[in-house]
Amino acid sequence: MIDVSTIGRGPVVVFVHGSIVGAESTWRHQRPLAERWTLCLANRPGFGASPALARGDFELEAPLIAEQLGEGAHLVGHSYGAVVALYAALLRPDAVRSLTVSEPGALRLAAGDPAVDAAIAHGLELYRRRDEVTPREFLELFRMGVGSTHQTPSELPEQLRRGVELLMSERPPWEAEIAVDELARAPFAKLVISGGHSDVFEAVCDALASGVGAQRAIIPGRGHTIPACGAAYNERLAAFLEESERRLTESEST
């Protein structure tokens, strides 16, 4: 079981956060969506009150998220949580009403692209040296690598330090092998979002969207931290959810 908070009313939308910070922080700008949707804010293992795994792992976490879909829900993931969401959607495709991911760390989707290959090499080196640097140094190097707009304080608060420790031990997302063909065959609508700040994530998101037949959006302004764009992100997500819900309702009524 994982820690989940639920707010709002209407069709259920399950949100999966990325690394370092939990659901409450990641999705704080999405709370206005609760006027139309039931927001299911899931804390990944080790975050909030969710028991930690021995090591964070997108493949092991996917069943915990798939369980939250119930009899049917929309699924939204960001960064590492987007990788978890991709795996979870494949576990229970019949329970997914739509899938939205923003800048998943599944870099192998665009392997062969020079910028992507360099990013993977940077990540491998960072994790190789993780015992040689402090959590704060690791966080700064990680945020530089992904293009996060979050500022790193000179001293990490306890909750942030815990998030970095989880990051330092988790299975790197570039190890993910996304079953693109299987996702393409899944009947639910898909949306892939990037922040327009990184050649790496643009290549990854382009490859994923093309491979699975997804809608594609770019929402600039906050780098990798796309949910923090607030209204711009919410408007694009809400439009996609409304469109998906309408088509599903029409299909179910015929």
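Me: A helix here is a DSSP run of H or I with at least four residues, and helices are numbered from the N terminus. Going by that, where is L91 found in this predicted model?

Reply: L91 is found in helix 3, the run given as residues 80-91.

Me: What makes A62 a neighbour of L91 in space?

Reply: A62 and L91 are 29 residues apart in sequence, while their C-alpha atoms are 7.8 Å apart. Sequence neighbours within four places set aside, L91 is in contact with A62, P63 and A66. Each of these counts as a contact because heavy atoms come within 4.5 Å.

Me: Why are F58 and Y80 called an aromatic pair, and why is the pair called tilted?

Reply: A pair of aromatic rings is described by the distance of the centres and the angle of the planes. The structure holds five aromatic pairs. For F58 and Y80 the centres are 6.1 Å apart, within the 6.5 Å limit, so the rings pair. The planes stand at 55°, which is neither under 30 nor over 60 degrees, so the pair counts as tilted.

Me: How do you know that this pair links distant parts of the chain?

Reply: F58 is in helix 2 (residues 58-67) and Y80 is in helix 3, with the two positions 22 residues apart in numbering. Both F58 and Y80 are buried. Together with Y87 they form one aromatic cluster.

Me: What makes R36 a charge over the face of W37?

Reply: R36 lies 4.2 Å from the ring centre of W37, inside the 6 Å limit, and it lies over the face, so the description holds. K190 is placed likewise over the face of F188, at 5.0 Å from the ring centre.

Me: Why is H74 called buried?

Reply: Its relative accessible area is 0%, and buried means under 20%, so H74 qualifies. H74 sits in strand 4 (residues 73-78). Beyond four places in sequence, H74 is in contact with residues including V13, W37, L241 and E245.

Me: What makes the approach of H74 to S98 a polar contact?

Reply: The two side chains come to 2.7 Å, within the 3.5 Å allowed for N or O atoms, so the pair counts.

Me: Which residues touch the most other members of the largest nonpolar core?

Reply: They are I65, L75, L99, V101, I178 and L183, in a core of 38 residues. Among the elements that each supply at least two residues are strand 2 (12-16), strand 3 (38-42), strand 5 (96-102) and helix 8 (199-212). Helix 3 gives the most, with nine residues. L99 touches, among others, L75, L86, L183 and F240, not counting residues up to four places away in sequence. Another core, of 23 residues, lies apart from this one, and its members include L160, V164, F201 and A203.

Me: How do you know that the protein chain is as compact as a globular protein of that length?

Reply: The secondary structure comes to nine helices and seven strands. The radius of gyration is 17 Å, and the globule rule gives 18 Å for 254 residues; the two values are close, so the chain is as compact as a globular protein of that length. The C-alpha trace spans about 60 × 40 × 35 Å along its principal axes. Buried residues make up 53% of the 254.

Me: What share of the contacts with a separation of 6 or more comes from residues 24 or more positions apart?

Reply: Such residues account for 73% of those contacts.

Methods
Residues are numbered from 1 along each chain as its sequence is written. This is a predicted model: local features need pLDDT of at least 70, side-chain atom pairs count only at pLDDT 80 or more; totals for chains, interfaces and linings use all residues. Side-chain values use heavy atoms; hydrogens and water are left out. Rings of Phe, Tyr and Trp (its six-membered ring) pair if their centres lie within 6.5 Å; planes under 30 degrees apart count as stacked, over 60 as edge-to-face and the rest as tilted. Buried means under 20% relative accessible area, exposed over 50%, partly exposed in between (1.4 Å probe, protein chains only). A charge sits over a ring if NZ of Lys or CZ of Arg is within 6 Å of the ring centre and within 35 degrees of the ring normal. A polar contact is a pair of N or O atoms within 3.5 Å; within protein, one must be able to donate a hydrogen and the other to accept it, and residues adjacent in sequence count only if both atoms are side-chain atoms. A nonpolar core is a set of buried Ala, Val, Leu, Ile, Met, Phe, Trp, Tyr and Cys residues joined through side-chain atoms within 4.5 Å. The radius of gyration is taken over C-alpha atoms; the globule rule is 2.2 Å times the number of residues to the power 0.38.
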